[in-house]
Amino acid sequence: MNEVFAWREAPIADFAVIGHPIKHSLSPKMHTAAFIALGLEASYVAVEVLPGEVSEALDALRIKGYRGINVTVPHKEEAFLWCEETTSISQRLRVCNTIDLASRRGTNTDAEGFSRSLADYPFSSKKALVLGAGGSTRAILSALEAEGWDVSLWNRTQSKAASLLERFGSKAMLVDQPDLADNDLIVNTTSASLSGDRLPVNWSKANPDALAYDLAYGPSLTPFLSDASSFGLAVMDGRRMLMEQGAAAFEFWWNREAPREEMMAALQ
Ligand code: NDP
């Protein structure tokens with residue numbers, strides 16, 4: 001668990017992740033491992049910021065000399081509004097998870113992180129079912145659509161999924177039941193795993209060659225992945241995506257290749 005600083009008492013450092021809560025974030029460990037691997041003299045800390053205080057906190061950290069910030073739940077939209085310049089992916093998703101403080105330039109590396117986490121996976125075709133309609137779902141839809149996937153979207157509260165599709169101009173098909181049949185990839189973007197809840201999916205209908213992917217991760221398989229695995233499906237949790245979004249953030253700040261192996265090792 002991280003030592004957590006309130007933003008008003010943040011120490012002199014180079015990088016930080018801001019969020020609420022923030023004590024469980026693995027970003028300090030992962031980025032510190034990257035700095036050590038490349039012999040970079042830089043520090044990375046966890047800073048607690050309450051909703052509504054993001055703009056003030058980013059101004060204060062900038063004045064303190066911080067170079068870069070990662071932003072996690074629930075601040076990615078407020079961070080986007082603070083930035084003076086944003087990348088096209090960030091504008092499309094209307095959220096920022098990575099900021100260069102001096103230039104007030106922001107980007108979002110979640111979609112890239114998700115895509116890269118699957119780059120080497122041998123899918124035979126590109127049909128995906130995405131479950132959820134929360135903050136992370138936009139990045140996943142955007143990544144899949146950019147790579148030509150045929151996507152269906154299910155959410156417990158269907159109206160939220162409908163408004164997400166409309167707001168982001170997504171072509172994904174809204175479904176009222178999470179039907180697993182024929183899908184090559186089933187992605188859980190809900191936070192159900194965090195509370196140990198199960199989604200209403202019938203794994204016996206799944207294509208046995210499909211990959212079950214949960215954005216969540218923990219010391220053992222999430223309930224979603226544990227069920228998928230018991231039906232013989234291949235499974236992947238959110239750690240590789242976390243590493244890849246962090247590597248993309250590292251590259252945004254340092255303009256050099258991130259040490260992915262060491263960053264991944266820090267998450268095990
Ligand atoms: P949000 O809180 O924005 O999303 C909540 C979503 O989960 C909604 O669609 C909600 O449905 C659904 N949900 C919550 N509980 C249940 C339940 N019991 N049954 C069914 N649906 C449920 O979360 P985020 O999008 O920010 O994060 C989602 C998950 O992804 C988290 O586990 C997070 O840790 C992980 N994550 C991982 C990343 C990585 O790099 N690996 C990056 C970002 C997120 P409804 O609309 O009906 O309320």
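These legends walk through a few views of one predicted protein model. Residues are numbered from 1 along each chain as its sequence is written, and side-chain values use heavy atoms, with hydrogens and water left out. Because the model is predicted, local features need pLDDT of at least 70 and side-chain atom pairs count only at pLDDT 80 or more, while totals for chains, interfaces and linings use all residues.

**View 1. The whole protein has 10 helices and 13 strands.** Helices (H or I, at least four residues) and strands (E, at least two) are DSSP runs, numbered from the N terminus. The C-alpha trace spans about 55 × 35 × 30 Å along its principal axes. A compact globule of 268 residues would have a radius of gyration near 18 Å, and the protein has 18 Å, which agrees. That radius is taken over C-alpha atoms, and the globule rule is 2.2 Å times the number of residues to the power 0.38. Of the 268 residues, 53% count as buried, meaning under 20% relative accessible area with a 1.4 Å probe, protein chains only.

**View 2. Here is an open sheet of seven strands with mixed pairing.** Two strands pair if DSSP finds at least two bridges between them. Read across, the order is E1-E3-E2-E4-E6-E7-E5. Strand E1 (4-6) and strand E5 (85-86) are the edges, each with a single partner strand, so one side of each is left without a neighbour in the sheet. Look further in for E4 (residues 68-71) and E6 (residues 98-100), which pair in the antiparallel sense over three bridges. Gly68 has Asp100 in E6 as its bridge partner.

**View 3. Another open sheet has six strands and parallel pairing.** Its order is E10-E9-E8-E11-E12-E13. This time strand E10 (173-174) and strand E13 (234-236) stand at the edges, each with a single partner strand, so one side of each is left without a neighbour in the sheet. Strand E12 (residues 211-214) joins E13 through three bridges in the parallel sense. Try spotting Leu211, whose bridge partner in E13 is Ala234.

**View 4. Helix H6 (residues 137-146) is mostly covered.** Eight of its 10 residues are buried. Among them are Thr137, Arg138, Ala139 and Ile140, and Leu141, Ser142, Ala143 and Leu144 are buried too. Just after H6 comes Gly148, which takes a positive phi of about 75°.

Technical notes:
Buried < 20%, exposed > 50% of the residue type's maximum accessible area, 1.4 Å probe, protein only.
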